[in-house]
Every structure is written in structure tokens, then in C-alpha cells.
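Welcome! Keep the sequence and the 3D view open beside you and try each exercise before reading its solution.

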Amino acid sequence: MRKSVVQTRVSLGALAAVVALALAGCESVNPSAASLEPEAYAARQTDLGSLTQVVEANPGDAEAWNMRGSAYARLGQYDKAVGDFSQAVRINAGMAKAYANRALAYRSMNRTGEALADYNRAIEVDPSYSQAFVGRGNLYRGSGQVDLALADFDRAIQLDRNNAQAWHNRGLIHQAQGRHDEAIDDFTKSTAIAVTAPEPYVGRGMSYLAQNDPEAALDDFDTARTLNPKYIDAWIGRGLVFERKNDLMKARASFAQAMQINRNDPRASDGFKRVGGKPGAVYSEG
């Protein structure tokens, strides 16, 4: 075997560690203003202008404030979002979704204590609001309180079996704990509900890869890539599959594509180096 191939081949043990690192990076997030294409940002600014007209015409309508707050949050203007959600709950103290929305804005600002208080308040005013349990579960999971997170995702699913986020996020916990059969089952349920969301496909693909089923993993990563060609985790997943199969040219092409999306993501840059990628070179899967 040629020396260059020997040097670039990654042992299964080392690759397993890389897959574990990639698994840790899997979490769906809402796009911020920084990640929006200019056209999408302009469209949302237009939406914001229309919602402002609604608020000005109906200043006593809590739903109008909540909707504009959501628009501010999608643009990454979290201070303004918090202000609108706060006005919504001043008008309607029983509006669970406004508390949950404000909690998400607080979380995006790293104000986790206030986020937790708002999720608790949302659950207090509406114990059947499954999305509040999902949000609080994500908060718990992010702080390492896995048992509390799992309990919240379980409760969200009990309340609404069509909550794709709850299935997906519970799958992430099963995955992190090495229970890949359970994770795959949860991700599959999520894909059946949110058919255009790439995240659960990537999650399931990572579990397939951890179970040494690279072909099933590749199918899922390809689906995720088709759903969102700029979803970096799909390209990283493909790179890991080809790395596992020692198809180094395709691995380089996938990691290179991931680096075009975000050159600062160490999963992409480290993977590119691992499979012998050279800066400035052009790689394709052909």
C-alpha cells in the first residue's frame, strides 16, 4: 500500500472519536440575522414594517406584540424582541407562548436564569403547552441537566405527539448516551412530522454512522443536503462517511464544501486536514 494512503487512513478508533465530536455539534438552532441571506433579511425587514403597522393600529392586542417580537428575534434583535414580548404579557398575563418566546430570546442573550423563569411561568399558566417543555428541556440539556431535560421532552411528547422538536431533541439525548436504536427511532418520528427539516436526518445519520452503517448514514446526509444545501452538518456528515470508507477524494470534497459554508468550524477544517486536503486545491466527487 502506498505510503500516502497509509498516512491519511484514519483508524476506526480515531474516527469513532471524531464521530463522537460531530455528534456533540448536532443541535438545531434558529437562524440569526448574521446567518440570513441578504434577500431573506430584506424580506423579514419588510415583514417587520408591516407588523409595526399592526401594533400601532392595535396597541392593546397582545398577539400583535408577540408576533412583532418574534420578527425581531428572527432578525437577531433580541433586546427589542424582549420588549415586545414583555408588552404582550403585560396585556395578557396568561399568554404562555409570549413567555416562552421571551425565554428563547433571553437564552439567545445568554440570560439563562431569566429564560428558565419564563419557561416556568409559561408552564404555570398553561401546563399543556408542549413547546414550553421543549424550550426548558433545551435549557436543561445545555446546562448538563440531562435527566431534567429528558423528563421535559417526554412530557412534551405526551402532550403533543406531533411536536417534531421534542422527538428530535430527545433523540439527541439518547444519542449522547449511546442509545442509538432509541435515537434512530426518535429521529425517524421527527422526520415523519417535519418532512422538510434537515436536522433530524443528520441526527439519524450520525447514529447510523456510530452503528457502523455508513450507507444508511450517507442516505440521510444526502437528504439533509438536498433539503438545505448550506446546512454544514450534512456536509460534515458526508465527509465522515467517506472518511470511514477511506474514499478520501470524496471526503475532501465534502469537508471542503463544509469549509465554504463556515471556515471557522473546527469539525470541517480538522476533517479536511485529516483526509489530506490541501488549501487552495479544488476537490470534486467526480
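The expected span of a helix is 1.5 Å times one less than its number of residues. With that rule in hand, you can begin. Please remember throughout that this is a predicted model.

**Exercise 1. Compare the reach of helix α6 (residues 96-108) with the span expected for it.**

Step 1. Take the length: α6 has 13 residues.

Step 2. Apply the rule, with 1.5 Å a residue, and the expected span is 18 Å.

Step 3. Set this beside the model, where α6 reaches 19 Å from its first C-alpha to its last, close to the expected value.

Step 4. Try helix α4 (residues 62-74) in the same manner. Helix α4 has 13 residues and reaches 19 Å, close to the 18 Å expected.

**Exercise 2. Find the buried residues of α4 and α6, and say what those of α6 pack against.**

Step 1. You need a cut-off here: a residue is buried when its relative accessible area is under 20%.

Step 2. In α4, the buried residues are Ala62, Ala64, Trp65, Asn66, Arg68, Gly69, Ser70, Ala71, Tyr72 and Ala73. Ten of the 13 residues of α4 are therefore buried, so this helix is largely enclosed by the rest of the structure.

Step 3. In α6, the buried residues are Ala96, Ala98, Tyr99, Ala100, Arg102, Ala103, Ala105 and Tyr106. They pack against α4, α5 (78-91) and α7 (112-125).

Step 4. Now zoom out to the protein chain. It has 16 helices and zero strands, and 48% of its 286 residues count as buried.

**Exercise 3. Describe how α12 (residues 199-210) packs with α14 (residues 232-244).**

Step 1. Two packed helices are described by the angle between their axes and the distance between the axes.

Step 2. For α12 and α14, the angle is about 15° and the axes are 10 Å apart.

Step 3. Angles under 35 degrees count as roughly parallel, so α12 and α14 are roughly parallel to each other. Their crossing is left-handed.

Step 4. Look at who makes the contact: α12 contributes Val202, Met206 and Leu209, while α14 contributes Asp233, Ala234, Gly237, Leu240, Val241 and Arg244. Sorted by class, there are six nonpolar, one polar and two charged residues in this contact.

**Exercise 4. Do the same for α8 (residues 130-142) and α10 (residues 164-176).**

Step 1. The angle between α8 and α10 is about 25°, and their axes are 10 Å apart.

Step 2. These two helices are therefore roughly parallel. The crossing of α8 and α10 is left-handed.

Step 3. On the α8 side, the contact is made by Gln131, Val134, Asn138 and Arg141, and on the α10 side by Gln165, Ala166, Asn169, Leu172 and Ile173. By class, this contact has four nonpolar, four polar and one charged residues.

**Exercise 5. Is Arg136 buried or exposed, and which residues does it contact beyond its sequence neighbours?**

Step 1. Locate Arg136 in helix α8.

Step 2. Its relative accessibility is 15%, so Arg136 counts as buried.

Step 3. Leaving aside neighbours within four places in sequence, Arg136 is in contact with Leu116, Tyr119, Asn120, Ile123 and Asp152.

Step 4. Pick Leu116 from that list. Arg136 and Leu116 are 20 residues apart in sequence, and their C-alpha atoms are 6.6 Å apart in space.

Step 5. Repeat this for Asp265, which lies in the loop between α15 and α16 (266-274). With a relative accessible area of 10%, Asp265 is buried. Outside four places in sequence, Asp265 is in contact with Ile232 and Ile236.

**Exercise 6. Where do Asn212 and Asn246 lie, and what is notable about their phi angles?**

Step 1. Start from the general pattern: most residues other than glycine have a negative phi.

Step 2. Asn212 has a positive phi of about 60° although it is not a glycine. Its place is in the loop between α12 and α13 (214-227), and Asn212 is exposed, with a relative accessible area of 53%.

Step 3. Asn246 also has a positive phi of about 60°. This residue sits in the loop between α14 and α15 (248-261), and at 21% relative accessibility Asn246 counts as partly exposed.

Step 4. For one further case, look just after α6, where Asn110 takes a positive phi of about 65°.

Terms used
Residues are numbered from 1 along each chain as its sequence is written. This is a predicted model: local features need pLDDT of at least 70, side-chain atom pairs count only at pLDDT 80 or more; totals for chains, interfaces and linings use all residues. Side-chain values use heavy atoms; hydrogens and water are left out. Axes are lines fitted to C-alpha atoms, for helices over the stretch in contact, and angles run from 0 to 180 degrees between N-to-C directions. Helices (H or I, at least four residues) and strands (E, at least two) are DSSP runs, numbered from the N terminus. Angles under 35 degrees count as roughly parallel, over 145 as roughly antiparallel, 65 to 115 as roughly perpendicular and the rest as oblique. A crossing is left-handed if the near helix is turned anticlockwise from the far one by less than a right angle, and right-handed if clockwise. Contact means heavy atoms within 4.5 Å. Ala, Val, Leu, Ile, Met, Phe, Trp, Tyr, Cys and Pro count as nonpolar, Asp, Glu, Lys and Arg as charged, and the others, Gly among them, as polar. Buried means under 20% relative accessible area, exposed over 50%, partly exposed in between (1.4 Å probe, protein chains only).
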